[in-house]
Amino acid sequence: SFFSCCCFFVLLALPSFSFWFPLLSLAPLFAFIWICIFIMKLYAIGLYNMQHEKPSVLTIAKDVSSFNFFQRGSVDEFLAFFMITVCERTEEVSRQCVEEKQYRLYVHNRADKLCGIVVTDEEYPQRVAFSLIHKVADEFKGKHSPSSWTSSPSDTPFPELTEILKKYQNPSEADAMMKAQLELDETKVIMHKALDSVLHRQEKLDDLVAKAEDLSATSKTFYKTAKKTNSCCVVT
């Protein structure tokens, strides 16, 4: 790996074995910091009201700054589209992980009619993602009781979510949270290798995208182009 190569050349440059040998014990720490800073990415966190037939957004925060500037608008729209699509197709009191190319969608549809979802890259730890959903959902409920939930996010403001999204870009920030909170329930996490496998029988993703009212014409064109080239978007 690039990190390993860097370490190798640094060690060659050091004056003596006695100088650099003690530093080897710090290698795991350096590797962890490298992974957290340069690899792992948290793209979005959202909570959805599941009290009615169709889920509705209660609060959502997204970070598309790592994507190509000209793609950010479409990426933002598709994040929202995929998040609500997966929530709607997750059974009550269940958890799912959906793999879609280099991205992961972690979703927990809870018994309290609150569905939380986190979108990350493939390196972000699953346990941290589900712990984050648990934390955000409980904090949101502490501020907004279920009786106040509507189909409009403006009725349940939760500005703290933006700061949480920033803070937990680094999964190591979750250490204290994970040690302090109770163990997550043993509900099995259903794994899906592609977004298509989450859809109901006879549903097709292409049809859902075409019919989606929340996706602009530009985003739908972006989807078609990305599908032809078997790619999604460029991370800068």
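**Notebook: salt bridges, strand pairing and helix packing**

I looked up Lys166 first and recorded it as exposed, because its relative accessible area of 54% is over the 50% cut-off. I note here that the model is a predicted one.

**Entry: helix α6**

I then asked which residue Lys166 forms a salt bridge with. The partner is Glu163, and the closest N and O atoms of this pair are 3.8 Å apart. I located both Glu163 and Lys166 in helix α6, where they are 3 residues apart, about one turn of the helix.

I also traced which residues are joined by salt bridges that share partners. Arg110, Asp112, Asp138 and Lys141 form one such network.

**Entry: a link from helix α5 to a loop**

I took the count of salt bridges for the structure, which is 14. One of them brings together the side chains of Lys141 and Asp112, with an N to O distance of 3.2 Å. I placed Lys141 in helix α5 (residues 126–143) and Asp112 in the loop between β4 (103–109) and β5 (114–121). The two residues are 29 apart, and the pair links distant parts of the chain. I listed Lys141 as partly exposed, because its relative accessibility is 30%.

**Entry: helices α5 and α6**

I examined Lys143 next and found a salt bridge to Glu160, again as a closest N and O pair, at 3.2 Å. Lys143 belongs to helix α5 and Glu160 to helix α6 (residues 160–167), so this bridge ties together parts that are 17 residues apart in sequence. I checked the accessibility of both partners: Lys143 is partly exposed at 42%, and Glu160 is partly exposed at 32%.

I turned to the packing of the two helices and asked at what angle α5 and α6 pack. The angle is about 160°, and the axes lie 12 Å apart. I therefore recorded α5 and α6 as roughly antiparallel, since angles over 145 degrees count as such. The crossing in which α5 passes α6 is right-handed.

**Entry: strands β3 and β4**

I asked how many residues of strand β3 (residues 94–100) are buried. The count is 6 of the 7, so I describe β3 as largely enclosed by the rest of the structure. I followed the pairing of β3 with β4 and found it antiparallel, over 7 bridges. As one position in this pairing, I noted Arg95, whose bridge partner in β4 is His108. The two strands form a hairpin with 2 residues between them. In the turn I picked out Lys101, which has a positive phi of about 55°.

**Entry: cysteines**

I looked for disulfides and obtained a count of 0. I nevertheless looked up Cys87 and Cys115. Cys87 is buried, with a relative accessible area of 0%. Cys115 likewise counts as buried, at 0% relative accessibility.

**Entry: Val64**

I asked where Val64 is found. It sits in the loop between β2 (56–62) and α4 (72–88). Is Val64 buried or exposed? I recorded Val64 as buried, because its relative accessible area of 13% is under the 20% cut-off. I also compared Val64 with Tyr43: the two are 21 residues apart in sequence, and their C-alpha atoms are 6.6 Å apart in space.

Conventions: Residues are numbered from 1 along each chain as its sequence is written. This is a predicted model: local features need pLDDT of at least 70, side-chain atom pairs count only at pLDDT 80 or more; totals for chains, interfaces and linings use all residues. Side-chain values use heavy atoms; hydrogens and water are left out. A salt bridge is a side-chain nitrogen of Lys or Arg within 4 Å of a carboxyl oxygen of Asp or Glu. Helices (H or I, at least four residues) and strands (E, at least two) are DSSP runs, numbered from the N terminus. Buried means under 20% relative accessible area, exposed over 50%, partly exposed in between (1.4 Å probe, protein chains only). A disulfide is a pair of cysteine sulfur atoms within 2.5 Å. Two strands pair if DSSP finds at least two bridges between them. Axes are lines fitted to C-alpha atoms, for helices over the stretch in contact, and angles run from 0 to 180 degrees between N-to-C directions. Angles under 35 degrees count as roughly parallel, over 145 as roughly antiparallel, 65 to 115 as roughly perpendicular and the rest as oblique. A crossing is left-handed if the near helix is turned anticlockwise from the far one by less than a right angle, and right-handed if clockwise.
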